Protein chains: 2
Amino acid sequence: MIDAPDVEELNPPQRTLMGPGPSPVHPRVLKAMSTPLVGHLDPSFVEMMDETQELLRYVFQTDNEWTIPVSGTGSAAMEAAIGNLVEPGDTFLAPTNGYFGDRMAAMARRAGGDVVRVGAPWGEPLDPDDVADACEEFHPDVFGFVHAETSTGVKQPDVPALTEAAHDHGALVVADTVTSIGGVELKVDEWDIDAAYAGPQKCLSCPPGASPLTLNDRAMDKVLGREEPARSWYLDLSLLEGYWGDERAYHHTAPITNVYALREALRLVAEEGIEERWARHREMASALKAGVEAMGLGLNPEDDYWLPSLNAVLVPDGVDDGDVIDYVLEQYDLEIAAGLGDLSGDVFRVGCMGHGARPENVTLVVAALADAFDALGADVDAAAGLAATREALR
Amino acid sequence: MIDAPDVEELNPPQRTLMGPGPSPVHPRVLKAMSTPLVGHLDPSFVEMMDETQELLRYVFQTDNEWTIPVSGTGSAAMEAAIGNLVEPGDTFLAPTNGYFGDRMAAMARRAGGDVVRVGAPWGEPLDPDDVADACEEFHPDVFGFVHAETSTGVKQPDVPALTEAAHDHGALVVADTVTSIGGVELKVDEWDIDAAYAGPQKCLSCPPGASPLTLNDRAMDKVLGREEPARSWYLDLSLLEGYWGDERAYHHTAPITNVYALREALRLVAEEGIEERWARHREMASALKAGVEAMGLGLNPEDDYWLPSLNAVLVPDGVDDGDVIDYVLEQYDLEIAAGLGDLSGDVFRVGCMGHGARPENVTLVVAALADAFDALGADVDAAAGLAATREALR
């Protein structure tokens, strides 16, 4: 027999989560997580599924019938979208301007697709003209883009121009809305997005484990008309339709508790109002932006495509980004993150998401960064930063 | 703008979950679910990952380094095992004796494998001689079997004879241990199982969302030596190795809260002792079995392969199974389930799992069934059933 290991009671540190996610979870959502379970086919759960789907339609701003939480984290929702929409031999057009465009490309290849790319540097959005040119050249079946790039802090502006360019050439459009949903203006129907996926642990401030996905009829027609089944059984939307559609037939055991939590997190959005919530994110992130700019740092992306939920703050001269991240974690139990890929070492990634988009959290970030820069010897004007944030929050 | 739906506060009914899962969750695990999150790359979380992996090795009774919770429900762990071990063109030998053998076969086909079958009727286990014959005939690369069939209540006896038959013919062995882990004797290393997957929501009494998986070196060598990558990016074990292995590099955001819960559920197993827990399941299910047998019903499978964690109780003459299930749900908030597939209409599926394997729960099931049979006009000796269960529990 193999002996039992001796593991202590769960006692994690109390972090203030201001990185790229997970974001701080609202107490009401934590409480929902501790609710005793009903079965995944219980009549009461079927009702909760309906409610959760209705709430998801609200945050996506869509009437799509096909709006569900996928039983996994955001990457599972991403693979559900791409793995079902891309058939072997299809051409998939993926962006090059961030980490998650590469992930889309990787998943499309796994689905048997041929991947072509449309380019922009990391830290910049796609140009609709480039998308149109790429569509002209490659005739993609599916075009994917990232609405809110968590790796670069860039918001893709003018989404309708992108979807129009793709539709003009007959391509379906998949949007990564992981870091925009519930925090940044997102209008799936009005913008004519065919499929969008998201994560719950960013601006919805819900623990990861059940992830939003929506497809319009055009996209579902393609999924249901596939010549061969999707390559994943677990993520096959034609099978999931049996459970989340009218039939409510068993496919797999849903992550019941994660659905409870998502439902509660979405109720908080509905109570606040989605437009009010977008405005709050913008205001709180503006105070953060004012603070770091007054310190002389600024953000990496230009203002036109600044993403309020994820701020790519430039690392000042004279300090190592890792030292700053470690300092604020040790001194303040505050989580912020390093840059990824092409921006590694050049930026901090500071989230301003959901329940974390509050004056006290933003103030702590600016104060902790100011202290870290001072302690580690960077030449920044800490007092000016704090004053600017305070002023912006008044 | 699409309007916000009006959704009430979360207030599910209080069920006693005695179906095929989820099982009742221990209060300590529910409390763990409501713990505020740390980041998925936080140093404290990395430590919790190590502890969770160590505890998983204990419940699997394995030294396999490659022992992780998969970020999804049990079917995700199943697809992680099969989708990584089966390469296009491989032959996969799947059993026909239950619902989950069919699911294994479906996943192997999605992975590009050719599926061949080894047969036994629903409600019976596999015969090792039949497995040897099938291996002789088909030369499978991978053989899958279900240790504890949730659809039939059958426990596969003499697992070492199965693994030996497969290994003699060069096949790797994958075991479905969803309904055995933590409740029924399971010894991955001693029984020479190459890969095993499980669910947390059965005998571990943990909410679904992070699911146990273990692979030995022989299995991982095959995974890491694949000619083309696994067809799912999300479930690709060669990528997950980066996160759960020594490197701890970002792959996807782990379902942090589900890992908290699984860790706590596994701590409860370690505190009780795995052998003591197996014995408790056997004793509690024996009391249930004594009760239904004294009512003149009995279980579907023969005693030699009775599965204590999932009891396939024969439906008595004169009642409809659905009426009984509805009656106990309405009268007692008690969840039991109907038979599946070939056993549909013939059996009830009554779980005796984890925190549900207690005298009060077993007594409630027998009393509620006796009441339902009486109220619905089945000719059973209710008093004898209750007396037998009471006697067995003393």
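Buried means under 20% relative accessible area, exposed over 50% and partly exposed in between, with a 1.4 Å probe and protein chains only. The model is predicted, so local features need pLDDT of at least 70 and side-chain atom pairs count only at pLDDT 80 or more, while totals for chains, interfaces and linings use all residues. Residues are numbered from 1 along each chain as its sequence is written.

**Exercise 1.** Work out why strand β2 of chain A is largely enclosed by the rest of the structure.

*Solution.* Start with the limits: strands are DSSP runs (E, at least two residues), numbered from the N terminus. Next, check burial: five of the five residues in β2(A), 66–70, are buried, so the rest of the structure largely encloses the strand. Now split the faces. A:Trp66, A:Ile68 and A:Val70 point one way, A:Thr67 and A:Pro69 the other, and all are buried. That fits the general pattern: in a regular strand the side chains alternate between the two faces of the sheet.

**Exercise 2.** Find the strand that pairs with β2(A), and in which sense.

*Solution.* Pairing needs at least two DSSP bridges between the strands. Here β10(A), residues 211–215, is antiparallel to β2(A) over five bridges. For a landmark, look across from A:Val70 and you'll see A:Ser211.

**Exercise 3.** Describe the contact between chains A and B.

*Solution.* Count residues with heavy atoms within 4.5 Å: chain B gives 83 and chain A 84. Then go for salt bridges (side-chain nitrogen of Lys or Arg within 4 Å of a carboxyl oxygen of Asp or Glu). There are four between the chains. One of them joins A:Arg15 to B:Asp42, with the closest N and O atoms 2.6 Å apart.

How values were computed. Chains are lettered from A and ligands numbered from 1 in the order in which they are written. Side-chain values use heavy atoms; hydrogens and water are left out. Helices (H or I, at least four residues) and strands (E, at least two) are DSSP runs, numbered from the N terminus.
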